[in-house]
Amino acid sequence: MDKPKENETTEFSKDTLVEAFRQLDRNQDGVLSETEIDQAVIDLAVPPDLAEIVGILKAEFDEIKDLHKDHRNGIEDSLSLADILELANVLVKHPNDARPVTAHEPLRFGRHASRKITDPAERAAKLARNARSIMQRIHAIVDSDLSLYGTHHDEWDVDIEAIQQGQIGNCYFLAALGSVVATNPMIVRRMIKENSDNTYTVTFPGARLEPVTVVRPTIVELALYTRLTEFGIWPAILEKAYGVYNRSMAWTPRLVPAENTDAYERWLDPFNLLTGQDEKYEPLASITPEKLAAILTKAFRERRAVWAASKSTSTRIAECHAYSVINWDPGSCRITLRNPWGPVEGSEPEV
């Protein structure tokens, strides 16, 4: 499959999807396993038009399976050719169900998805919209700058706006990373070494004897996990390195490194790993405002990373979610939070 021409995206014909199915079915057993899809997600050699389909199959795996249930017969963890043909029917039936999407725009699926849809027709329409949005985003990423810090910024510039959470629940890691950037960005600058072979070596301050080398994130990884932004790919590299680091400790390690960071039970680990300093947890319900003010004042004076985790929801605070604490004004006793989702509606910094 060839790279789409500039300003042109792949046509989702049945023939295109069937050919993609055959290319991705590496063991030629007539079904696409999650492992085969994951292998394509992390493969730099996958051409852009095939990558668009890989992104759809990865992000919408369960929805595609649900399109055609009568034939499943023991292949619950795979997609069959019948599933792919059903996907083709949905895309043909909904040819223009997506607005233009840029490489730097978050997609509204996965963790940011809206309410669960039960109506089959509405679910099919949403699947078509998501599929075309993924296709458009991956197409845009192909023509984007993939440098470490972005071409429009200083070589050593580390901007917190580069951190934009993808479709997995690793807010605890990205919020900690954002707090590190807000208090001491030099830590991040020293962590990453760019190599000459499309790889990066990351030395976490909390694991200096265990450097992690990762391959540059693929366009599918940049579309589905920590997002590509104009400020460079460094957050995606750190997410990938953290996933590789976690893989050795996971009960069920995932092939896609970023997915090994979806482990909220390890929510304190990033602080020690990213800074080399001991972490400490303070439950807000058990401390006075005066003690909280003293903790924050000391932390910011010592340039320590701080984040806050929510339990219940409010109009602007997401439930069970981590936020970077990026500023503390002791004079007015005001805390500024940043949501690792980035510029998603409703995730603006909370003061």
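The largest nonpolar core (buried Ala, Val, Leu, Ile, Met, Phe, Trp, Tyr and Cys residues joined through side-chain atoms within 4.5 Å; buried means under 20% relative accessible area with a 1.4 Å probe, protein chains only) comprises 83 residues, and those with the most contacts inside it are Leu-57, Val-188, Met-191, Ile-192, Phe-204, Trp-234 and Leu-238. Helix 7 (residues 171–183) supplies the largest share of this core, 9 residues; helices are DSSP runs of H or I of at least four residues and strands are runs of E of at least two, numbered from the N terminus. Apart from this core lies another, of 11 residues, including Leu-296, Ala-299, Leu-337 and Trp-341.

The model is predicted: local features need pLDDT of at least 70 and side-chain atom pairs count only at pLDDT 80 or more, whereas totals for chains, interfaces and linings use all residues. Residues are numbered from 1 along each chain as its sequence is written, and side-chain values use heavy atoms, with hydrogens and water left out.

The protein chain contains 12 helices and 8 strands, and buried residues account for 50% of its 351 residues. Of the contacts (heavy atoms within 4.5 Å) between residues at least 6 apart in sequence, 65% join residues at least 24 apart. Beyond four places away in sequence, Met-191 touches Thr-201, Val-202, Thr-203, Phe-204, Pro-205, Leu-238 and Leu-274.

In the lining of the largest pocket (residues with an atom within 4 Å of a point of an open set on a 1 Å grid over the protein atoms alone, where a 1.4 Å probe fits, with protein on both sides within 12 Å along at least five of seven lines), 36 residues take part, of which Lys-280, Tyr-281, Glu-282, Val-306 and Trp-307 lie nearest the centre. Helix 12 gives the largest share of this lining, 6 residues.
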